[in-house]
Amino acid sequence: MLKILVTVVVSTGAYLFTNLLNQSGDELWQIAVSVVIGGCALIVQYMIDFEQRLGTVETGHRERSRELGVQFTQLSEAAGLLSELDEAGMSTSDARRLIKSLSRVGQQGPEIVKAFARSEVESLASVVTDLTGMTAHWPRDNNEWLIRLTECARRTIDATSSSVDQPFWNTDSAGPYLDAQAEAMRARGVTIRRLFMIKEEERTNPDFMRRFTRLCQAQRDVGISVRFLSLPLPEGSSPRSVVARDVVIFDSELYLEFEPDRQEGNVQTRLDADGRRVDGQVRTFNALWATATELTSRPAPSPGASE
């Protein structure tokens, strides 16, 4: 509509202008000139509009091409990451499932669920990033790591258990851990050795030894080889000094170490897969195991127990 109005105005102006220039009164010539000029104005308007639209199309095309380029780059990176995961022996299906699930949680879940999901992903990313350096830390006891590594073990599990660790066996967390060990021995033929380290004054305490013998027997009943050491070791023993820390070595390839604080509470879990340090832990455990004592008798009945 605007183009028509402009054309009419231009044609009328052209007619009036030619009328001023041509006083002979040739009306037909004046109309022809005004029509031609009006037509030219209309054509010019269409050309300008076409140029603007063409510029818009080109701009949109460039923007679309840029977006496609970014998407292609992202897809290439994603495909490259999945390919690297596959080459590294990791599960690409689990990675896809994680991404899809995160997307669904982000679209459907309430804010607290989204926040929890983000926290879990950040925690996992932090642990896996640490593992690129063959170590990872957790600021508290981490029984989940303990159970999962037990489920991953294929050959051996060697564990030292200090006095700090002994109350653990009376907690609810001990049941799933023992179940995981029993399954590892039954399903995969994993050999498990547990070395308890007790204090010398505990060894001379009949009540303690009665409870301790029951604990050892319960471990043996599920197929675990059990021995114990009294600390401090006699002079001249090898190794000379033993730090009473709870260490669990899996397949002689990595270990979990639970570091106690001054109040004898486990406050940090450290996973270490550095070959040199793992070999040192394996040698220490084997040396201690060779000098340890094996309980062969069942626990004596408690005083007052019925015969």
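This report walks through the main pocket and two helix pairs of a predicted model.

Let's start with the pocket. The largest one has a volume of about 1,400 Å³, and 31 residues line it. Sitting nearest its centre are Leu-124, Val-127, Val-128, Leu-131 and Arg-148. As for where the lining comes from, α3 (92–108), α4 (111–131) and α5 (143–152) each chip in at least two residues. By class, the lining of this largest pocket splits into 21 nonpolar, 5 polar and 5 charged residues.

Now for the helix packing. Two packed helices are described by the angle between their axes and the distance between the axes. Here is how the two pairs look:

| Helix pair | Axes come within | Crossing angle |
|---|---|---|
| α3 and α4 | 9 Å | roughly 155 degrees |
| α5 and α6 | 9 Å | roughly 5 degrees |

Take α3 and α4, whose axes cross at roughly 155 degrees. Angles over 145 degrees count as roughly antiparallel, so that is what α3 is relative to α4. The crossing of α3 past α4 is left-handed. On the α3 side, the contact uses Leu-102, Val-105 and Gly-106; on the α4 side, Val-113, Lys-114, Ala-117 and Val-121 do the job. Sorted by class, this contact has 5 nonpolar, 1 polar and 1 charged residues.

Then there's α5 with α6, the latter covering residues 174–188. Their axes cross at roughly 5 degrees. Since angles under 35 degrees count as roughly parallel, α5 is roughly parallel to α6. From α5, the residues involved are Leu-146, Ile-147, Thr-150, Glu-151 and Cys-152. They meet Pro-176, Tyr-177, Ala-180, Gln-181, Ala-184 and Arg-188 in α6. This contact of α5 with α6 comes to 7 nonpolar, 2 polar and 2 charged residues.

To tie things back to the pocket, α3, α4 and α5 are the helices named above as each supplying at least two lining residues. In the pairs, α3 runs roughly antiparallel to α4, while α5 runs roughly parallel to α6.

Definitions and conventions:
Residues numbered from 1 in each chain as written. Predicted model: local features only at pLDDT ≥ 70, side-chain atom pairs only at ≥ 80, totals over all residues. Heavy atoms only, no water. 1 Å grid on protein atoms, 1.4 Å probe; cavity = no way out; pocket = protein on both sides within 12 Å on 5 of 7 lines; lining within 4 Å. Points joined across faces, edges and corners; volume = space filled by probe spheres on them. Helix = DSSP H or I, 4+ residues; strand = E, 2+ residues; numbered from the N terminus. Nonpolar A, V, L, I, M, F, W, Y, C, P; charged D, E, K, R; others polar. Axes fitted to C-alpha atoms, helices over the stretch in contact; angles between N-to-C directions. Parallel < 35°, antiparallel > 145°, perpendicular 65-115°, else oblique. Left-handed = near helix turned anticlockwise from the far one by under 90°. Contact = heavy atoms within 4.5 Å.
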